[in-house]
Amino acid sequence: MTSEKPPLPVDSQRDETEAGLGVEQEVALEAARDGWDSKVEYFLAQVGFSVGLGNVWRFPYLCHQNGGGAFILLYVLLMVLVGVPLFFMELAAGQSIRQGSIGVWRHISPKLVGIGYSSCVVCFFVALYYNVIIGWSIFYLGSSFQYPLPWENCPTEGNSTVKECAASSPTAYFWYRKALDITDSIDETGEFNPIITGCLLAAWVIVCLAMYKGIKSTGKVMYFSSVFPYVVLLCFLIRGVTLDGASEGIKFMFYPRGVEGTGLAFIAFTEAMTLFPGSPFWSALFFLMLLSLGLSTMFGTMAGILTPLMDTFKTLRNHKFLFTACSCVVGFLIGLTFTQRCGNYFVTMFDDYSATLPLIIVVIFQTLSVAWVYGADRFLEDLKRMLDRPVPVVYKYLWKYVCPAAMLGLLGASLLKMILERPTYTAWNREKASKENLPYPGWALAVLSTLIIVAFLPVPIGFIHSLLLERLGQSPADTEAGYVPCATTDIDLTPLSTLPPSGDDPNSFSPLLYENHDSRLPNGHIEHFESSSVL
């Protein structure tokens, strides 16, 4: 018994020879997607995708910037009331329909297919800059095999210390001057950084090799990449609490005086490494941990791009390796923007605007679609059948009221802040050897606005496209009613002489789950589909 996922029927017209086949037959005739070998692999994949580099360098920064311990309390509250219900909703929808993001929302209603495409766009934006951070981790990992560490002391020019380093710190100097060779503003592009460009290329090669075989290869990698970071963090925790002044560090968490973004991982943490005995070992361990965190999340992000598109378009599915390789090449070429001397500023722009705001918009559409369009009660009934046990009814009210209200409030506050305050970024001034906040220039504002619009534009386009097809009498739901949940597949060797009827109402919302049913394979055998909770 294996876990398989039949792909979505393609959008193009079917051959006339297939016109008389039921949808179940067509699905059975298609090559099935690979499934997870075990529940453990699926669980580790979710952990690896959910916990990434942002938990190391972005979350602590946001925590310190917004009140320390008070922020953590509010974060935990919103995580329980909003984060967990939305995460559960996405996993449940994917589990029951067994398709990528495009297929899931087309399955619920063809008018909502744009939500899936928007998810792919957001994943693409994230992948572009996320792999750059992985490239930085590769650079620091390679630099860790030196003693003393290259960021432990300031370099000298003649008989004097380099002025920029003396006015800041060895770790800050190494980050801004040796690693990034950063310009003073986003307007000063500068040439490409050859070392970081090479590290970015290495990062994309690793992702490509891991992704082209799908979860059959990434699933095995997850055993290491999802577990190893926690082992390292535990080692650092034990080592940290045994150092002198540990109580001051804990107090600092609740009464912060400020750090910033990527600087936490590549400045503050690197400085901490220099204070450990055997600093190269601890440094290599730390950046290997960052690399593992980044890759595990990157695998999930790329799957969020490749899987839905290959599910939807048969041509891409038939040329999986070529599509995966071309996607990685395109990602690398666009990613060269981030390897310029001003590239760090573009990373900040993408991280703050291309992923965050569009993601909030997409999640709002997702929540409203499931809770109000499809129906929260209906969704809970589907989950009850899939899990063989009822889901707490509190999720109904969280999905219908609490989550949409919280996300709309967050979106409104973010947009209001952008309107009232000109967006700024943190730049490194070489002469002052310090950071300073600068307003984004007009062209940069146009770029970030375009990124936001492009990310959620597929939602209205998909809705309008569906309406136009209905007006023209060409319903986009012709195949949607026949999608079957992919699950454990048993092969019965008894020939089947008759076939079950296929779905015939393309304009109705499809249930997320179907009754178990049999489909005839080309050799006359039976393929039995059952609903399952394992991807």
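Partly exposed, the term needed for one of the arginines on this tour, describes a residue whose relative accessible area lies between the buried range, under 20%, and the exposed range, over 50%. With that in mind, please remember throughout that the model on your screen is a predicted one.

**First stop: E164 and R177.** Select E164 together with R177, and you will find a salt bridge in which the closest N and O atoms are 3.0 Å apart. Because E164 lies in helix α8, residues 163-166, and R177 in helix α9, residues 170-179, this pair ties together parts that are 13 residues apart in sequence. If you colour by accessibility, E164 turns out to be buried, with a relative accessible area of 7%, and R177 counts as buried too, at 8%.

**Second stop: from E164 to R430.** Keep E164 selected and add R430, with which E164 forms another salt bridge, its closest N and O atoms being 3.6 Å apart. Here E164 is again the residue in helix α8, while R430 sits in the loop between β4 (424-429) and β5 (434-439), so the pair ties together parts that are 266 residues apart in sequence. Is R430 buried, partly exposed or exposed? With a relative accessibility of 40%, R430 counts as partly exposed, whereas its partner E164 is buried.

**Third stop: the strands β4 and β5.** Follow the chain from R430 into the strands on either side of its loop, β4 and β5, which pair in the antiparallel sense over six bridges. To see one of the paired positions, select W428 and then K435 in β5, which is the bridge partner of W428. Between the two strands of this hairpin there are four residues, and in the hairpin A433 takes a positive phi near 55°.

**Fourth stop: E436 and K432.** Now select E436 and K432, which form a salt bridge whose closest N and O atoms are 3.8 Å apart. E436 counts as partly exposed, at 23% relative accessibility, while K432 is exposed, with a relative accessible area of 55%.

**Last stop: the network.** Finally, select E164, R177, D181, R341 and R430 together, since salt bridges that share partners join these residues into one network. The pairs visited on the way, including E164 with R177 and E436 with K432, belong to a count that comes to eight salt bridges.

Conventions:
Residues numbered from 1 in each chain as written. Predicted model: local features only at pLDDT ≥ 70, side-chain atom pairs only at ≥ 80, totals over all residues. Heavy atoms only, no water. Salt bridge = Lys/Arg side-chain N within 4 Å of Asp/Glu carboxyl O. Buried < 20%, exposed > 50% of the residue type's maximum accessible area, 1.4 Å probe, protein only. Pairing = 2+ DSSP bridges.
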